[in-house]
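User: I've just loaded this one and would like a quick tour before I set anything up. Can you walk me through it in plain questions and answers?

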Amino acid sequence: MKKNPVRKDSVQKNGYIPAPYELEEGENIHDFYLEPVYFENENGPTIGVTTCGVIVQDGLYFKDMDNSGVLDPYKDWRLDPETRARDMVAHMRLDQQAGFVLNTLWNTPVAATRREAMDENGELKFDRIFKKHDPNEPPPKSPLPGVSMAVDDEDVLVRKLTAGVYRGDMRVEAGMSALYHNAGTQMLEYEACKGGVAIPMSIS
């Protein structure tokens, strides 16, 4: 994993900040947990990025959701939601549009605590936060006919699902839900490196 230096220059009014992380040959986006890098806008949203760059215009930060370097309307948080949504759909691939209308119902982190999600060196491990797909593992029994309780990285990486319902039990630390959300968004954000649109994960 290549880590690019990030410069947050308050004097910079226009320009481009490359993505803080860049995968190297043979690596996969779910091999690592990437801590988002945040940019604060005065009187605007704080944006976090991993493999997306940041467009700087008039001293404001905008997430480059397709890494094109162009501030398209859907990236511009100053515009109204209807304008942004209409433009975003026009930029999405068909498989992304299909995944956008579905969701997963049984989202829960693998580890219950942040400590359990770390290795012996204190590094957060992706597969202790977000479950990786195991083709040999039988699906969990569902109490509802036709409803799958299985949720793993294939739902995001292959099916392009962007939304789900959180089902963490009482033993799970509150902070683990944030890590879970970040891990999902990290996978979705990588679509910007593959000709798609980076859509943040939505967990309710």
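**Fold, cores and a few odd residues**

User: Which hand does the β-α-β unit made by E9, H4 and E10 have?
Analyst: The labels are DSSP runs numbered from the N terminus, with helices (H or I) of at least four residues and strands (E) of at least two. A crossover counts as right-handed if, with the strands pointing away from the viewer, the path from the first strand over the helix to the second runs clockwise. By that test, the unit made by E9, H4 and E10 is right-handed.

User: What should I know about how the values were obtained, and what pLDDT do side-chain atom pairs need?
Analyst: Residues are numbered from 1 along each chain as its sequence is written, and side-chain values use heavy atoms, with hydrogens and water left out. This is a predicted model, where totals for chains, interfaces and linings use all residues, local features need pLDDT of at least 70, and side-chain atom pairs count only at pLDDT 80 or more.

User: Which residue of E9 is the bridge partner of asparagine 107?
Analyst: Strands pair if DSSP finds at least two bridges between them. E9 has 2 bridges to E10 (residues 202–203), running parallel, with alanine 163 facing serine 202 as bridge partner. E9 also pairs in the parallel sense with E8 (residues 104–107), over 2 bridges. There, the partner of asparagine 107 is tyrosine 166.

User: Which helix gives the largest share of the largest nonpolar core?
Analyst: A nonpolar core here is a set of buried Ala, Val, Leu, Ile, Met, Phe, Trp, Tyr and Cys residues joined through side-chain atoms within 4.5 Å. The largest one has 23 residues, and Ile129, Phe130, Met176 and Met187 have the most contacts inside it. Helix H3 (153–157) and helix H4 (174–189) each supply at least two of its residues. The largest share, 6 residues, comes from H4.

User: How many residues are in the other core, which lies apart from that one?
Analyst: In soluble globular proteins, nonpolar side chains tend to be buried together. The second core includes Ile17, Ile47, Tyr61 and Met88. Its size is 17 residues.

User: How far from the sulfur of cysteine 52 is the nearest cysteine sulfur?
Analyst: A disulfide takes two cysteine sulfur atoms within 2.5 Å, and a search of the whole structure finds 0 of them. Cysteine 52 has a relative accessible area of 0%, so it is buried (under 20%; exposed is over 50%, partly exposed in between, with a 1.4 Å probe and protein chains only). Cysteine 193 is partly exposed at 39%. For cysteine 52, the nearest cysteine sulfur is that of cysteine 193, at 6.6 Å.

User: Is lysine 160, with its positive phi, buried or exposed?
Analyst: Phi of lysine 160 is near 65 degrees, a positive value in a residue other than glycine. Lysine 160 sits in the loop between H3 and E9 (163–166). Its relative accessibility is 8%, so lysine 160 counts as buried.

User: And aspartate 58, buried or exposed?
Analyst: Aspartate 58 also has a positive phi, near 55 degrees. Its place is the loop between E6 (53–57) and E7 (60–64). With 52% relative accessibility, aspartate 58 is exposed.

User: Which residues does aspartate 72 touch, beyond those up to four places away in sequence?
Analyst: Aspartate 72 is in the loop between E7 and helix H1 (81–91), and at 15% relative accessibility it counts as buried. Contact means heavy atoms within 4.5 Å. On that basis, aspartate 72 touches Asp66, Asp87 and His91.
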